[in-house]
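Biologist: I should like to learn how to read a structure that is new to me. May we go through it feature by feature?

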Amino acid sequence: MNLTTEEGCEAPFDPQESFIHLASDSFVASGPWKVTKVQIINEIKKCQDLWKALEGDCLSLKANTSASEQDLIKFQEEYQLLSQNLLEAENEAQTQEATFQKRLQLEKKDLNQLIQEKQALENELNHLEQLNAAQEEILQVPAALPDREMVFKGHVEEGEMENFPEMLTFLPQIRYPVLGGSALITFEDPEVARRIIQIRQHCIQLDESSYMHVKAEAVTLLLPSFLKMSLKQSSQQVLLSGLSAFSLPKEQLCDKLVLFFCKRKNQGGEVDHLEQLPNSNDVVLTFVDDGVAQQIVEKGLFQVSLGKETHQVKASHCFNGEVAELELCPSVCARTALVLSC
């Protein structure tokens with residue numbers, strides 16, 4: 001029995017084609033079995049029921065096929081949309097990656113520059129630390145000055161040290177020997193001294209009948225234009241300051257200081273001699289042994305009890321200076337004239 005001719009198409013149903021026509025005599029009379037009319041009708045009914053079931057399944061299959069085709073179209077549209085979104089996301093990701101790579105290169109460049117700057121600053125810091133270590137002891141004492149004892153007695157306001165000059169300028173008092181019959185005259189106005197020296201020859205009236213002829217010359221002095229001092233730290237001497245608080249006489253105070261610093265419990269030792277600095281209340285102690293001065297300086301501050309008084313005394317390094325290099329240049333005194341007799 002053939003129900004369909006092509007896939008998805010119904011074949012025209014002819015009940016007569018579902019059966020094989022045989023001669024009635026041979027069908028009924030002969031054969032190993034006999035078929036009754038009731039059995040044939042039952043078989044026909046079964047085939048009709050099967051046909052109806054198959055027909056329902058075909059309709060259901062058509063409906064499912066249509067829904068599947070619609071779902072396929074929908075899925076294809078979604079696939080195209082997702083593909084387009086994926087392509088746009090990949091392009092955007094590539095753009096962002098290129099931007100991030102550029103930023104990363106810039107950050108690496110800045111990092112390398114910062115590392116170089118850090119290394120340069122560390123090298124400079126090490127250099128400054130070496131200079132500071134080499135000059136630490138020298139910076140604890142006043143600047144190198146000529147072999148002239150000076151004591152600063154001025155007053156420095158708080159906050160003025162920031163603008164304090166690195167170089168110390170001072171006006172020394174110079175003693176200028178003159179020959180007999182000559183004199184040094186200093187004027188307030190340098191222009192007056194310049195005119196007198198320029199005229200040179202002068203006639204001075206002593207009285208109505210007496211005159212004296214003199215000549216004026218410039219005063220030239222050899223002053224240092226460059227001075228270099230070499231400082232050497234003493235291994236046996238210490239400088240004691242802060243002694244002005246004691247009311248004892250100087251000689252008695254010096255004896256008490258010698259007794260105080262010769263004791264071992266005060267980090268001291270045998271004292272060779274004590275020197276009182278002129279124009280100052282400070283003293284210099286010289287010990288016999290090396291190393292004693294270093295122990296005292298390391299402690300720095302001492303509470304010294306002399307009689308009923310107890311005051312703080314500071315011990316610091318003592319430096320001896322020598323002139324290492326000296327250059328002189330002639331300098332003309334602007335306000336002074338040398339007057340000589342002719």
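Modeller: We shall begin with the whole chain and then turn to single elements and residues. Please keep in mind that this is a predicted model.

Biologist: How many helices and strands does the chain have, and what pattern do they follow along the sequence?

Modeller: The chain has five helices and seven strands. Read along the sequence, their pattern is α-α-β-α-β-β-α-β-β-α-β-β.

Biologist: What share of the residues counts as buried?

Modeller: A residue is called buried when its relative accessible area is under 20%. Of the 342 residues in this chain, 15% count as buried. The accessible surface of the chain comes to about 27,400 Å², and carbon and sulfur atoms account for 54% of that surface.

Biologist: Which contacts join residues at least 24 apart in sequence, and what is their share?

Modeller: One starts from the contacts between residues at least 6 apart in sequence; among these, 67% join residues at least 24 apart.

Biologist: Where should I look for the largest nonpolar core, and which residues touch the most other members?

Modeller: The largest nonpolar core has 22 residues, and those touching the most other members are Val238, Leu240, Phe261, Phe287 and Ile296. At least two residues of this core come from each of β3, α4, β5, α5, β6 and β7. The largest share, five residues, is supplied by α4.

Biologist: How does one tell which face of a helix is buried? I should like to take α5 as the case.

Modeller: The general idea is that an α-helix has 3.6 residues a turn, so residues three or four places apart point the same way. In helix α5, residues 292-299, the buried residues are Val292, Ala293, Ile296 and Val297. Seen down the helix axis, these buried residues fall within an arc of 130°, so they line one face of α5.

Biologist: Against which elements do the buried residues of α5 pack?

Modeller: They pack against strand β3 (211-241), helix α4 (250-261) and the strands β5 (283-287), β6 (301-306) and β7 (309-341). Ile296 shows this at the level of one residue: leaving out residues up to four places away in sequence, Ile296 touches Val238, Phe261, Gln267, Gly268, Phe287, Phe302 and Ala315.

Biologist: What can be read at the ends of helices, for instance at the N-terminal end of α3?

Modeller: At a helix start, one looks for a side chain that caps the end. Helix α3, residues 190-199, is capped at its N-terminal end by Asp189, with a side-chain oxygen 3.2 Å from the backbone nitrogen of Glu191.

Biologist: Which residue follows α3, and what is its phi?

Modeller: Arg200 follows α3. Its phi is near 70°, a positive value in a residue other than glycine. Arg200 is placed in the loop between α3 and β2 (201-205), and with a relative accessible area of 37% Arg200 is partly exposed. After α5 comes Gly300, whose phi is also positive, near 85°.

Biologist: Is Thr286 buried or exposed, and what does its side chain join?

Modeller: Thr286 lies in strand β5. Its relative accessible area is 7%, so Thr286 is buried. A polar contact of 3.0 Å joins its side chain to that of Gln237. Apart from residues up to four places away in sequence, Thr286 touches Gln236, Gln237, Val271, Asp272 and His273.

Biologist: How is Val313 placed in strand β7?

Modeller: Val313, in strand β7, counts as buried because its relative accessibility is 0%. Its C-alpha atom is separated by 6.5 Å from that of Leu243, although the two residues are 70 apart along the chain. Neighbours within four places aside, Val313 is in contact with Leu240, Ser241, Leu243, Phe246, Gly300, Leu301, Phe302 and Val304.

Biologist: Finally, how many disulfides does the structure hold?

Modeller: The structure holds zero disulfides. As for cysteines, Cys58 is partly exposed, with a relative accessible area of 24%, and Cys329 is partly exposed at 30%.

Methods: Residues are numbered from 1 along each chain as its sequence is written. This is a predicted model: local features need pLDDT of at least 70, side-chain atom pairs count only at pLDDT 80 or more; totals for chains, interfaces and linings use all residues. Side-chain values use heavy atoms; hydrogens and water are left out. A polar contact is a pair of N or O atoms within 3.5 Å; within protein, one must be able to donate a hydrogen and the other to accept it, and residues adjacent in sequence count only if both atoms are side-chain atoms. Helices (H or I, at least four residues) and strands (E, at least two) are DSSP runs, numbered from the N terminus. Buried means under 20% relative accessible area, exposed over 50%, partly exposed in between (1.4 Å probe, protein chains only). The arc is that of the directions from the helix axis to the C-beta atoms. Contact means heavy atoms within 4.5 Å. A disulfide is a pair of cysteine sulfur atoms within 2.5 Å. Accessible areas come from the Shrake-Rupley method with a 1.4 Å probe; for residues, only the protein chains shown count as cover. A nonpolar core is a set of buried Ala, Val, Leu, Ile, Met, Phe, Trp, Tyr and Cys residues joined through side-chain atoms within 4.5 Å.
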